[in-house]
Amino acid sequence: MDNILTFKNVDGGYGRVKILHDLSFEVRKGEVLGVVGPNGCGKTTMFNALIGLITPTAGEIIFKGKNITKVSANDRARMGIGRTYQVPRPFEGMTVFENVLVACCHGAGMTEHAGRPKALEILKLTGLYEKREIMAGELTLLDRKRLEIARALGTNPELLLLDEVAAGLVEAEVGEVIDMVADLKAAGYTIIWIEHVIDVMLKATDRVMCMSDGTDLLIGEPREVMESKIVTEVYLGVEDDE
Ligand SMILES: Nc1ncnc2c1ncn2[C@@H]1O[C@H](COP(=O)(O)OP(=O)(O)OP(=O)(O)O)[C@@H](O)[C@H]1O
Ligand SMILES: [Mg+2]
């Protein structure tokens, strides 16, 4: 099976407010799919539909060949979907190691005995091993982003959802996040990465989807998508005057 995930004509939103409209796309196993689109176009809402925080009112979500449209958020996490939050949510009064251990034990249901080596492995993969005994609340922004990813990995996902993990970082730090995501891809994770940073889309992704008004406007090779007239127009908010 080539695709790990398929959205088929998904509609959904919050209460009566419809945000996603006929959203359709596929994610190939092992790829990094970048997602761009103007503020408020529904990118985070797409993640919410994917993890089961909101239930689509129409359409289907297929993960690893199973229709998960009505599967609970907990079961989806157990099936292998892990996310980061746009606003990081670490336990600030716990150490970096304890934060990841909690994710392993509560997220992936591991015993503390099994969770400890797993947490250390994740800390190495995310570049936090040397900082494992530091309180999460004392980390720099870059390390908080690393920890956010490490906590998501603790839930043992196959599909990892990154929501603006590079936002607020300076260029050199963004480069470090790009390198880390390349390591995660090499380690076998499939990744969907929402970000507004053009460099991320061009350097870190295999394909890019541009969303607009809750739907898939364009999906394809990163440079082609980022340089296309229609994507430039939705970002600049230019009206089509034809
Ligand atoms: N919990 C909620 N209840 C009601 N409306 C919401 C909720 N969360 C988001 N929205 C609305 O849904 C729309 C899409 O929001 P969403 O967060 O998905 O956008 P986004 O593409 O992730 O934007 P950004 O790039 O700013 O993160 C926005 O109009 C937003 O105000
Ligand atoms: Mg968002």
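Let's start at ligand 1, whose surrounding residues are Y14, V17, I19, G37, N39, G40, C41, G42, K43, T44, T45 and Q86. A residue counts as near a molecule if its C-beta atom, placed from the backbone, lies within 6 Å of it. This is a predicted model, in which local features need pLDDT of at least 70 and side-chain atom pairs count only at pLDDT 80 or more, while totals for chains, interfaces and linings use all residues. Residues are numbered from 1 along each chain as its sequence is written, and chains are lettered from A and ligands numbered from 1 in the order in which they are written.

Sorted by class, the shell around ligand 1 holds four nonpolar, seven polar and one charged residues. Here Ala, Val, Leu, Ile, Met, Phe, Trp, Tyr, Cys and Pro count as nonpolar, Asp, Glu, Lys and Arg as charged, and the others, Gly among them, as polar. Strand β2 (17-28) and helix α1 (43-51) each supply at least two residues of this shell, and α1 gives the most, with three. Helices (H or I, at least four residues) and strands (E, at least two) are DSSP runs, numbered from the N terminus.

Now for the sheets. Strands of a sheet pair through backbone hydrogen bonds, either parallel or antiparallel. Two strands are taken to pair if DSSP finds at least two bridges between them. One open sheet has four strands in the order β2-β1-β4-β5, with antiparallel pairing. Its edges are β2 and β5 (66-67), each with a single partner strand, so one side of each is left without a neighbour in the sheet. Within this sheet, F7 has I61 in β4 as its bridge partner. Helix α1, already met at the ligand, lies across β1, β2 and β4 and runs at about 75° to β2.

The other open sheet described here has six strands in the order β6-β7-β8-β3-β9-β10, and its pairing is mixed. Its edge strands, β6 (81-83) and β10, each pair on one side only. From one strand to the next, the twist averages 20°. β9 and β10 form a hairpin with two residues between them, and D213 in the turn has a positive phi of about 50°. S212 stands opposite T215 in β10, and C210 has L218 as its bridge partner in that strand. Helix α6 (residues 171-186) lies across β3 (32-36), β7 (159-163) and β8 (190-194), at about 155° to β8.

Here are two strand pairs side by side.

| Strand pair | Residues | Sense | Bridges |
|---|---|---|---|
| β1 and β4 | 3-14 and 58-63 | antiparallel | five |
| β9 and β10 | 207-212 and 215-220 | antiparallel | five |

Finally, the helices. Axes are lines fitted to C-alpha atoms, for helices over the stretch in contact, and angles run from 0 to 180 degrees between N-to-C directions. Residues are in contact if their C-beta atoms, placed from the backbone, lie within 7 Å.

The axes of α3 (residues 96-107) and α4 come within 8 Å and cross at roughly 125°. Their contact has nine nonpolar, one polar and three charged residues.

Helix α4 (residues 112-125) also meets α5 (residues 141-154): the axes come within 10 Å and cross at roughly 140°. On the α4 side, A119, I122 and L123 take part, and on the α5 side A150, L153 and G154. This contact divides into five nonpolar, one polar and no charged residues.

Definitions and conventions: Contact = placed C-beta atoms within 7 Å.
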